[in-house]
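User: I am new to this structure and would like to understand the reasons behind the labels used for it. Could you take me through them step by step?

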2 protein chains.
Amino acid sequence: MRLRVDLLPHGNYPDVVLVVDVLRATTTAVTYLERGADALLLTVTPELALSLRAGAGGGDAVLLGGERGGLPLPGFDFGNSPAEAADQNFTGKTVVMNTTNGTGAAHVAAQTGKHVLLAALINAHAAARRARALATEEIAIVCAGTDGRAGLEDVYAAGVLAEYLLAMGVFTVDDGARIALTIRRNAGNPIEALGSSGHGQHLARLGLEGDVRHAAQVSISRVVPVLAPEQGVPGALKPGALKFVAS
Amino acid sequence: MRLRVDLLPHGNYPDVVLVVDVLRATTTAVTYLERGADALLLTVTPELALSLRAGAGGGDAVLLGGERGGLPLPGFDFGNSPAEAADQNFTGKTVVMNTTNGTGAAHVAAQTGKHVLLAALINAHAAARRARALATEEIAIVCAGTDGRAGLEDVYAAGVLAEYLLAMGVFTVDDGARIALTIRRNAGNPIEALGSSGHGQHLARLGLEGDVRHAAQVSISRVVPVLAPEQGVPGALKPGALKFVAS
């Protein structure tokens with residue numbers, strides 16, 4: 001079994017993919033499902049998110065969460081904040097997400113991946129176990145990064161996932177996995193690693209330290225968002241939207 | 001002053017760029033100039049390299065070096081091997097290079113960089129000193145990677161360069177620089193780091209361990225290839241070719 005870590009999304013994933021955008025998209029995604037959401041739709045553009053809600057015919061069965069540059073998107077209900085999401089009840093809701101880096105990484109993964117899961121620190125153990133159970137040849141951990149550049153927070157989280165996986169079985173590891181494991185073992189505890197990362201500092205400047213602290217909790221959730229095998233949502237889902245459900 | 005390390009080429013470099021492809025393009029480039037070459041031309045395609053030699057009117061004043069997947073290119077004189085280059089005399093010659101990753105990274109750097117230098121372990125100290133002397137706002141160390149994925153050997157070399165730079169002055173460092181420094185301090189000595197990297201193992205399988213050993217020597221050369229300010233070589237240089245000279 002191969003363990004591969006891409007420090008940025010690359011593509012050509014043959015088997016299981018764990019998409020990581022720990023600050024904050026995948027952390028928030030886990031939290032929406034943990035708090036009862038039926039499904040998540042990850043869209044390639046904010047416009048598609050808005051049109052999916054409009055297509056659902058009003059009401060609050062479909063909610064929108066997302067950001068650009070860390071700030072909420074106009075017309076959206078939520079701002080991609082896991083701390084905010086953790087205080088809400090999403091039972092019976094579908095949440096449509098669009099974010100700067102994480103949703104794009106999920107779409108790259110979905111192009112070829114047989115099983116696409118969303119992973120963060122908060123569900124790290126569950127995500128690693130699920131990946132191990134599903135994989136037949138390769139587990140690829142894909143860091144979303146920030147605006148096309150590697151982020152310390154995602155590489156650190158990839159290292160945490162890799163360490164769990166190596167405890168569960170025998171893998172050949174690539175350069176990316178070795179880099180992630182080295183960062184995980186040398187970059188301090190989760191709050192130090194996430195808080196000192198460039199993106200963590202950016203969020204702190206926006207007053208969002210609470211999200212960084214929330215995202216730095218390790219394995220507090222057993223929810224693993226998994227790309228639904230049937231992508232059809234009658235009357236709603238269009239090309240450019242991926243549906244994730246809890247597993 | 002900012003110190004930035006891109007684990008893969010990204011672009012938008014405002015000031016000094018150190019391009020790193022330690023296995024093997026930038027190591028070989030330094031060696032060509034160390035062994036007397038007048039200039040290096042880095043081309044975007046092998047075809048352009050061949051046409052530059054043809055345009056030079058025959059003779060051996062223009063030599064071609066390059067590879068694809070580690071293997072020599074058809075019609076080329078040399079195979080991107082620093083060990084091979086170190087045994088030759090290139091006095092009075094121009095060497096045209098085309099390689100899988102390194103030449104592409106140099107072209108990305110040249111799009112915006114004010115000063116573009118080629119760096120490897122063999123010229124690490126000289127390259128860091130030159131970068132420090134030229135920079136006014138930022139030094140970007142750009143890892144070429146392998147086929148669009150980060151390589152341990154380049155990240156390690158970037159960490160060596162970053163360590164030299166931090167010894168020379170005060171920098172703000174980004175996530176990439178922190179990752180590279182952590183790898184440099186934890187991945188063993190240079191031959192361990194380069195030899196155990198995915199690309200180092202690939203070269204060993206091709207019987208090219210000698211190149212890996214050559215590339216793992218630290219600061220044995222004071223030559224720093226620098227992108228020539230005037231890019232014109234009358235009758236020879238075309239768009240898609242970058243001219244580097246020793247500095």
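Analyst: A residue is called buried when its relative accessible area is under 20%, exposed when that area is over 50%, and partly exposed in between. Please keep in mind that this is a predicted model. With that cut-off, B:C143 is buried, because its relative accessible area is 1% and the limit is 20%.

User: What makes A:C143 count as buried?

Analyst: The relative accessibility of A:C143 is 1%, and since buried means under 20%, the residue falls within that class.

User: How do you know that the sulfur of A:C143 is in no bond with that of B:C143?

Analyst: A disulfide needs two cysteine sulfur atoms within 2.5 Å. The sulfur of A:C143 has its closest cysteine sulfur in B:C143, at 15 Å, and therefore the two are too far apart for a bond. Seen from the other chain, B:C143 is likewise in no disulfide, the nearest cysteine sulfur being that of A:C143, 15 Å away. Over all chains, the count of disulfides comes to zero.

User: Why is the pair of A:R2 and A:E137 called a salt bridge?

Analyst: The rule asks for a side-chain nitrogen of Lys or Arg within 4 Å of a carboxyl oxygen of Asp or Glu. In A:R2 and A:E137 the closest N and O atoms are 3.5 Å apart, so the pair meets the rule. A:R2 lies in strand β1 of chain A and A:E137 in the loop between α5 and β8 of chain A, so the salt bridge ties together parts that are 135 residues apart in sequence. As for accessibility, A:R2 has 35% and A:E137 has 32%, and because both values lie between 20% and 50%, each residue is partly exposed.

User: What is found for B:E137 and B:R2 in chain B?

Analyst: The side chains of B:E137 and B:R2 meet in a salt bridge, with 3.5 Å from N to O. B:E137 is in the loop between α5 and β8 of chain B and B:R2 in strand β1 of that chain, so this pair ties together parts 135 residues apart in sequence. B:E137 is partly exposed at 32% relative accessibility, and B:R2 is partly exposed at 36%.

User: Why do A:R53 and A:D77 count as partly exposed?

Analyst: A:R53 has a relative accessibility of 22% and A:D77 has 36%, and because these values lie between 20% and 50%, both residues are partly exposed. Their side chains meet in a salt bridge at 3.0 Å, N to O. The pair links distant parts of the chain, with A:R53 in helix α2 of chain A and A:D77 in the loop between β5 and α3, 24 residues apart.

User: How many salt bridges are there over all chains, and how many lie across the interface of chain B and chain A?

Analyst: The count over all chains comes to 22 salt bridges, and across the interface of chain B and chain A the rule finds four. In one salt bridge, A:R149 pairs with B:D174, the closest N and O atoms being 2.5 Å apart, so the 4 Å limit is met. There is also a network of salt bridges that links A:R2, A:R4, A:D6, A:E137, A:E138, A:D174 and B:R149.

User: What else describes the interface of chain B and chain A?

Analyst: In the interface, 24 residues of chain B are in contact with 24 residues of chain A. The area buried between these chains is about 1800 Å², of which carbon and sulfur atoms give 55%. Across the interface there are 12 residue pairs in polar contact, with both residues at pLDDT 80 or more. On the side of chain B that touches chain A, the elements giving two or more residues are β1, α6 and α7 of chain B, and α7(B) provides the largest share, six residues.

User: What makes A:N80 a buried residue?

Analyst: A:N80 is in the loop between β5 and α3 of chain A. Its relative accessible area is 1%, and because that is under 20%, A:N80 is buried. Leaving aside neighbours within four places in sequence, the residues in contact with A:N80 include A:R24, A:Y32, A:M97 and A:D211.

How values were computed
Residues are numbered from 1 along each chain as its sequence is written. Chains are lettered from A and ligands numbered from 1 in the order in which they are written. This is a predicted model: local features need pLDDT of at least 70, side-chain atom pairs count only at pLDDT 80 or more; totals for chains, interfaces and linings use all residues. Side-chain values use heavy atoms; hydrogens and water are left out. Buried means under 20% relative accessible area, exposed over 50%, partly exposed in between (1.4 Å probe, protein chains only). Contact means heavy atoms within 4.5 Å. Buried area is the accessible area (1.4 Å probe) that two parts lose on being put together, summed over both. A polar contact is a pair of N or O atoms within 3.5 Å; within protein, one must be able to donate a hydrogen and the other to accept it, and residues adjacent in sequence count only if both atoms are side-chain atoms. Helices (H or I, at least four residues) and strands (E, at least two) are DSSP runs, numbered from the N terminus.
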